[in-house]
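Thank you for making time this morning. I would like to walk through one structure, taking its surface, its pockets and its charged pairs in turn.

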Amino acid sequence: MSDVMIRVPAEVRDQLAAVAEARGTSLRALMQDIAAQTLTPEQIRERADRTRALLAERFGHEVSKEESAEMRRKMREATAAHRAALAQVEPSP
């Protein structure tokens, strides 16, 4: 296993350390979890393709480009709303 040094502001480091501590894990394990859960653009496309194929095969529904675009828009809105809500929550001492 190789090591990587990532420079982040102190407040980001402190936030990550607090999350790791709250989860009862190390900062290294937390970063590994985050990396494992974060999809690359190619992985996102592959997952979308598999989902479209499943919908077509099992339910006979072909997802249109318009439906895909609308779902992406809704997901962006939901993500932005979630982030805004998180920003309003004050961290516990």
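Let me begin with a term: a residue is called buried under 20% relative accessible area and exposed over 50%, and partly exposed in between. Asp14, at 43% relative accessibility, therefore counts as partly exposed. Please keep in mind throughout that what you see is a predicted model.

Asp14 has a charged partner, since its side chain meets that of Arg13 in a salt bridge, at 2.9 Å from N to O. Arg13 is partly exposed as well, because its relative accessible area is 45%. In general terms, side chains of opposite charge can pair when their charged atoms come close. By the rule used here, the count comes to 6 salt bridges, and I will discuss some of them.

Which parts of the chain does the pair of Arg28 and Asp3 tie together? Arg28 lies in helix H2 and Asp3 in the segment before H1, so this salt bridge links parts that are 25 residues apart in sequence. The closest N and O atoms of Arg28 and Asp3 are 3.1 Å apart. As for accessibility, Arg28 counts as partly exposed because its value is 46%, whereas Asp3, at 60%, counts as exposed.

A further pair sits within a single helix: Arg73 and Glu70 both belong to helix H4, where they are 3 residues apart, about one turn of the helix. Salt bridges with shared partners join Glu70, Arg73 and Glu77 into one network. Between Arg73 and Glu70 the N to O distance is 2.4 Å, a value that I simply report as computed from the model. Arg73 is partly exposed, with a relative accessible area of 31%, and Glu70 is likewise partly exposed, with a relative accessible area of 31%.

Let me turn to the pockets. The largest pocket holds about 590 Å³ of space. Of the 14 residues that line this pocket, Ile44, Ser68, Met71, Arg72 and Met75 are the closest to its centre. Two or more lining residues come from each of helix H3 (41-59) and helix H4 (65-88), and H4 gives the most, with 7 residues. Sorted by class, the lining of the largest pocket has 6 nonpolar, 3 polar and 5 charged residues.

The second largest pocket has a volume of about 420 Å³. Its lining includes Met1, Ser2, Asp3, Val4, Ile6 and Val8, together with Arg13, Leu16, Leu27, Arg28, Met31 and Gln32. The elements that give two or more residues to this lining are H1 and helix H2 (27-37), and H2 gives the most, with 4 residues. By class, the lining of the second largest pocket divides into 7 nonpolar, 2 polar and 3 charged residues. Asp3 and Arg28, both in that lining, are the partners of the salt bridge I described earlier.

Finally, some of these names return on the surface. Val4, Ile6, Val8 and Val12 form a nonpolar patch there, and together they have about 360 Å² of accessible area. Is Ile6 buried or exposed? Ile6 counts as exposed, because its relative accessibility is 60%, and it is found in the segment before helix H1 (10-22). Val4, Ile6 and Val8 belong to that patch, and they are also among the residues lining the second largest pocket.

Terms used:
Residues are numbered from 1 along each chain as its sequence is written. This is a predicted model: local features need pLDDT of at least 70, side-chain atom pairs count only at pLDDT 80 or more; totals for chains, interfaces and linings use all residues. Side-chain values use heavy atoms; hydrogens and water are left out. Patches are made of residues with over 30% relative accessible area and no salt bridge: like charges are joined within 9 Å, nonpolar side chains (Val, Leu, Ile, Met, Phe, Trp, Tyr) within 5 Å. Accessible areas come from the Shrake-Rupley method with a 1.4 Å probe; for residues, only the protein chains shown count as cover. A salt bridge is a side-chain nitrogen of Lys or Arg within 4 Å of a carboxyl oxygen of Asp or Glu. Buried means under 20% relative accessible area, exposed over 50%, partly exposed in between (1.4 Å probe, protein chains only). On a 1 Å grid over the protein atoms alone, a cavity is a set of points where a 1.4 Å probe fits but cannot get out, and a pocket is an open set with protein on both sides within 12 Å along at least five of seven lines; lining residues have an atom within 4 Å of a point. Grid points are joined across faces, edges and corners, and a volume is the space filled by probe spheres set on the points. Ala, Val, Leu, Ile, Met, Phe, Trp, Tyr, Cys and Pro count as nonpolar, Asp, Glu, Lys and Arg as charged, and the others, Gly among them, as polar.
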